[in-house]
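Here are my notes after a pass through the model. Have it open while you read, and tell me where you would look again.

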Amino acid sequence: MVTTATMPTAATAAAVWRPTARVGVVGAGQLARMTHQAAIGLGVELRVLTDDPEAPAVRAGATPVLGSPARLDDLRRLAAGCDVVTFDHEQVPSKHLEALEREGVRLAPGAAAKLLAQDKLHARRELAALGLPVPPFARARTSSDVSAFAREHGWPLIAKAPRGGYDGRGVWRLKGLAQAASLLAEAKGGLLLEPELTLTTELAVLVACGAGGERLAYPVVETVQRDAMCREIVAPAALRVSVAAQATELALTIAEEIDAIGILAVELFDTPGGLVVNELALRPHNSGHYATEGCATSQFEQHLRAVLGWPLGETGLRAPAVVTVNVVGPADGSDPSARLAAALAVPGAHVHLYGKTPRPGRKLGHVTVCGDDPATVRASAVRGAALLEGDTA
């Protein structure tokens, strides 16, 4: 029996648990959800800014701050009482981040570094100015701009929205001027143009960037794209040692040059002419999902360690082969979670579901498998994801 004398008072209850730190996250999607899972083990309180009280991170237990990143006052409410503010997406006005920094809010990464992930054209210009390899590019505001670029590089061209694109959205393969003119009529701020490159492999490298300047690279991985969306991550990438070393060095150089803090994901194209930088993400990234089971430290725990100025964890692989396959909403709109048991029966399958409303073509989860034989590991991961998507063949 608990008597009144033994019941905790408000004062003693408050002393039972205090977070090791409070981290604010702009966004509450699957990346914030998985960051919250890592935060639990570290005793970190995660606060997430979202206008959706049923967002994936909130449903997983993160503390919601209801609001929009489009409103500076909502960002201020998120930052109040937090040790640092970080991100799970790019959709926040740069001017707001600059205002927060002027007010003394600690952002990780800072506004200038974050802009390299928010604006692809800005990133191309900045990386090129640093002498780093990027594809040929130009800004197109008119059909004449497109014609001039096509005369130099030939058709087809790749056009990208400088801001806002993800998972294949905001990327188009242009075959002629009529298509370009149609896009330009709707584009705000023009388009980023690139030639269609011959690709040997698409690669990605995560770099953990500590607040004190410490930087550790994860293994180079291959990213397999279908319908302009990353569907598989293969670790380590099957590359010549020299190419893997170049990719790692390139990612570490970028991390240093842009003063990144937290997880930096560098997407690379391996072309017949060498490596070129595709895009940057300054937050946990799809290409790093394999590290949760596959590496000594997940990208989510690592991100928290880095933005809080804590010691970084080891980044090596736990197994000779690790493959992650994304689970995408099937065409019939059905929910992969209804087929969870079938996927869990695949030997070695680690299933992550994001708690998102099913929709055709939407990323809803992923499956990771670790093992010794790359072919067997990849087949198992593909099988687990296919079962979740409803493919019983």
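The points below go through strands, helix packing, backbone oddities and one leucine.

1. First, a caveat: this is a predicted model. Please read every angle and distance here in that light.

2. Let's start with strand 1, residues 21-26. Five of its six residues are buried, so the strand is largely enclosed by the rest of the structure. Its pairing with strand 2 (residues 44-50) is parallel and runs over six bridges. If you want a place to start tracing the register, Ala-21 sits opposite Val-44 of strand 2.

3. Next, the four-stranded sheet. It is open, its strand order is 5-8-6-7, and the pairing is antiparallel. Strand 5 (138-140) and strand 7 (171-174) take the edges; each has a single partner strand, so one side of each has no neighbour in the sheet. From one strand to the next the twist averages 35°.

4. Inside that sheet, look at strand 6 (residues 157-160) and strand 8 (residues 191-195). The two run antiparallel and are joined by four bridges. To check the register here, use Leu-157, whose bridge partner in strand 8 is Pro-195.

5. Which strands does helix 7 touch as it packs on the sheet? Helix 7 (residues 120-129) touches strand 5, strand 6 and strand 8, and its direction makes about 55° with that of strand 8. Helix 8 also packs on the sheet, touching strand 5, strand 6 and strand 8. For helix 8, the direction makes about 15° with that of strand 8.

6. Helix 7 has a helix partner as well. Helix 6 (residues 111-118) packs with helix 7 at an angle of about 110°, and their axes are 6 Å apart. That makes helix 6 roughly perpendicular to helix 7, because angles from 65 to 115 degrees fall in that class. On the helix 6 side the contact is made by Leu-115, Leu-116 and Gln-118, and on the helix 7 side by Lys-120, His-122, Ala-123 and Glu-126. By type, the residues of this contact divide into three nonpolar, two polar and two charged.

7. Now helix 8 again, this time with helix 9. Helix 8 (residues 143-153) and helix 9 (residues 177-186) pack at about 140°, with 9 Å between their axes. The pair is therefore oblique, since only angles over 145 count as roughly antiparallel. Their crossing is right-handed. Ser-143, Val-146 and Ser-147 of helix 8 meet Leu-177, Ala-180, Ala-181 and Leu-184 of helix 9. Those contact residues are five nonpolar and two polar, with no charged ones.

8. Two peptide bonds deserve a look. Most peptide bonds are trans, and most residues other than glycine have a negative phi. Trp-155 and Pro-156 are joined by a cis peptide bond, with omega about -5°. Pro-156 is in the loop between helix 8 and strand 6. Another cis peptide bond joins Ala-235 and Pro-236, with omega about -10°. Pro-236 belongs to the loop between strand 12 (229-235) and helix 10 (241-258).

9. I would also check phi in the loop between strand 11 (221-226) and strand 12, where Asp-227 is found. Phi of Asp-227 is near 55°, a positive value in a residue other than glycine. Ala-228 is found in that loop between strand 11 and strand 12 too, and has a positive phi of about 65° although it is not a glycine. Are these residues buried or exposed? Asp-227 is exposed, with a relative accessible area of 77%. Ala-228 is partly exposed, at 47%.

10. Last, Leu-275, in strand 14 (residues 274-281). Its relative accessible area is 12%, so Leu-275 counts as buried, the cut-off being under 20%. Which residues does Leu-275 contact, leaving aside neighbours within four places in sequence? The list is Pro-133, Leu-203, Val-243, Gln-246, Ala-247, Phe-269 and Asp-270. Leu-312, for its part, is 37 residues from Leu-275 in sequence and 28 Å from it in space, C-alpha to C-alpha.

Conventions:
Residues numbered from 1 in each chain as written. Predicted model: local features only at pLDDT ≥ 70, side-chain atom pairs only at ≥ 80, totals over all residues. Heavy atoms only, no water. Axes fitted to C-alpha atoms, helices over the stretch in contact; angles between N-to-C directions. Parallel < 35°, antiparallel > 145°, perpendicular 65-115°, else oblique. Left-handed = near helix turned anticlockwise from the far one by under 90°. Contact = heavy atoms within 4.5 Å. Nonpolar A, V, L, I, M, F, W, Y, C, P; charged D, E, K, R; others polar. Buried < 20%, exposed > 50% of the residue type's maximum accessible area, 1.4 Å probe, protein only. Pairing = 2+ DSSP bridges.
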